[in-house]
Amino acid sequence: MNLVFIGSGYVGLVSGVMFASLGHKVACLDHDKSKIDSLKNGEIPIYEPGLKDYLTKDLQFVTSYADIDFTPDAFFICVGTPSSDDGSANLDYVFEAALDIAKIYKDVPIIVKSTVPAGTSTRLQKFLKEKRYNNPTISNPEFLSEGRAVEDFLKPDRVIIGIGDDKHKALMDGIYQQFLDKCPLLYTSRESAELIKYSSNAFLAAKIAFLNEISNLCEKVGGNIDDVSKGVGLDHRIGDKFLKTGPGFGGSCFPKDILALQYLFAQSGASCLILDATIDSNAKRSRFIVDKIKSELGELLGKSIAVLGLTFKANTDDVRSSPAISITKLLLEEGAYISAYDPKGMENAKELLNIDMAKNYLEAAKGADAILILTEWDEFKNMDYSELAKGVLGKIIFDYRNILDSTKAREAGFIIHRLGRDN
Ligand code: UGA
């Protein structure tokens with residue numbers, strides 16, 4: 001089929017590249033000329049393992065509709081829906097993109113992949129109709145996660161499609177032809193599809209926040225959070241994913257989407273106490289982490305801390321709403337001196353933090369009073385402890401992703417502090 005993806009950010013780019021690799025004719029459109037130029041040269045502007053291998057020669061990267069050289073069967077809107085000041089999702093880019101499409105391609109279906117509140121796709125169709133355009137809208141939320149997007153795309157748990165008219169099933173079955181015998185294609189109303197996306201992200205966020213609170217309890221009563229998570233996760237009804245304690249959840253999705261869902265509740269005259277608590281719990285997590293460090297090191301003024309990991313999770317260069325960034329900012333406020341290292345996130349972090357960035361973890365740790373691990377990169381799981389020990393001033397590691405081989409680290413003389421466990 002002939003598909004156009006509007007917005008070459010994370011969702012649009014990964015979806016465009018991957019659908020093209022399955023044999024669809026695809027154009028990716030973005031108004032950012034420098035981004036499109038680098039894509040034309042085969043350079044992927046985000047760090048996403050494996051994605052480059054799926055770039056095909058006939059995939060088109062364009063900055064305007066006039067450059068698309070085929071007749072599209074459908075458009076996917078993949079533009080951002082950032083948080084407004086009141087927490088609601090800002091839908092301006094979605095509506096602008098839809099109007100641009102409708103002005104040129106009057107009846108072509110518009111599929112909304114951007115994460116939008118329930119009711120948006122239906123409202124979008126009405127909005128276009130009022131302007132005398134007949135484009136139907138379809139909701140097809142995205143569930144890819146950064147760092148494993150290729151695998152998530154090829155092996156989805158499910159594909160969710162919200163339609164206002166059954167006649168659009170044929171189009172969507174055609175687009176997702178290769179997935180028909182791989183996973184359920186669940187057809188729902190557009191509102192339900194939009195709610196599935198928000199509910200999934202909010203549920204996962206709540207799962208993490210809950211386990212982080214249980215981790216705090218482990219510290220009080222002497223439990224081991226990693227064992228507790230494992231034991232809880234062995235129950236198939238709960239599942240073993242998203243039970244890992246850490247410095248809090250971040251990224252471009254969970255923090256924004258839970259606020260938008262909270263806003264949607266409020267707008268509907270309802271509330272969700274679990275969601276409120278999830279937001280509150282995660283918001284307090286960075287302060288909690290810094291206070292824990294203070295309880296071990298004392299006042300931080302003048303202390304030197306090596307921060308390892310700046311991205312919101314491993315295998316990405318994304319630092320948006322990264323807990324590592326907010327924790328580092330709090331440490332700086334306390335007067336600590338920070339030297340940081342991240343395998344992929346330092347360029348992006350430089351825009352948010354004015355600190356020394358090191359070439360590697362050994363350089364970051366040189367002369368440090370303590371080391372603080374905030375992202376679960378493989379590189380930090382297998383550090384050379386004897387080399388590390390030679391450079392540091394204080395042999396203390398705050399392993400706040402619980403990833404280290406503590407026996408080896410202790411053999412090299414390090415004291416290890418982890419979350420939710422005392423060994
Ligand atoms: C998330 C969802 O997982 C995707 O399904 C969804 O498509 C995407 O948002 C989106 O809405 O676009 P992503 O933001 O890439 O994906 O990141 P996750 O892997 O979900 O991690 C989010 C945060 O939770 C990270 O900060 C991570 O470190 C943290 N986390 C995750 C934990 O603290 N513990 C865990 O057990 C799992």
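In this predicted model, helix α7 comprises 32 residues, which at 1.5 Å a residue should span 46 Å, and because the C-alpha atoms at its two ends are 46 Å apart, the expected and computed values agree. The expectation rests on multiplying 1.5 Å by one less than the number of residues in the helix. Just after α7, G222 adopts a positive phi of about 85 degrees.

Helix α7, covering residues 190-221, also recurs in the surroundings of the ligand, where α7 and α9 (254-267) are the elements that give two or more residues to the shell. Of these contributions, that of α7 is the greatest, with three residues. The shell is made up of 19 residues, of which L144, E146, K197, N201 and F312 come nearest to the ligand. Sorted by class, the residues of this shell are nine nonpolar, three polar and seven charged.

Polar contacts to oxygen atoms of the ligand involve both backbone and side-chain atoms of the protein. A polar backbone atom of E146 lies 2.7 Å from an oxygen atom of the ligand, and a polar backbone atom of E142 is found 3.4 Å from a ligand oxygen atom. From the side chains, R401 places a polar atom 2.9 Å from an oxygen atom of the ligand. The ligand taken alone exposes 720 Å², of which 91% is buried by the protein.

Helix α7 is likewise prominent in the second largest pocket, to whose lining it gives the most, with eight residues. Elements that each supply at least two residues of this lining are α7, α9 and α10, the last of which covers residues 273-297. The pocket has a volume of about 370 Å³, and its lining consists of 18 residues, among which F203, A206, K207, I274 and T278 lie nearest the centre. By class, 12 of the residues in this lining are nonpolar, whereas three are polar and three are charged.

Apart from the pocket, the structure holds one cavity of 30 Å³ or more. The space within the largest cavity amounts to about 40 Å³, and its lining is formed by V112, K113, S114, T115, V116, S121, S139, P141, E194 and K197. Three of these lining residues are nonpolar, four are polar and three are charged. K197 thus appears both in the lining of the largest cavity and among the residues that come nearest to the ligand.

Technical notes
Residues numbered from 1 in each chain as written. Predicted model: local features only at pLDDT ≥ 70, side-chain atom pairs only at ≥ 80, totals over all residues. Heavy atoms only, no water. Near = heavy atom within 4 Å. Polar contact = N/O pair within 3.5 Å; in protein donor to acceptor, adjacent residues only side chain to side chain. Areas by Shrake-Rupley, 256 points an atom, 1.4 Å probe, with all protein chains shown as cover. Helix = DSSP H or I, 4+ residues; strand = E, 2+ residues; numbered from the N terminus. Nonpolar A, V, L, I, M, F, W, Y, C, P; charged D, E, K, R; others polar. 1 Å grid on protein atoms, 1.4 Å probe; cavity = no way out; pocket = protein on both sides within 12 Å on 5 of 7 lines; lining within 4 Å. Points joined across faces, edges and corners; volume = space filled by probe spheres on them.
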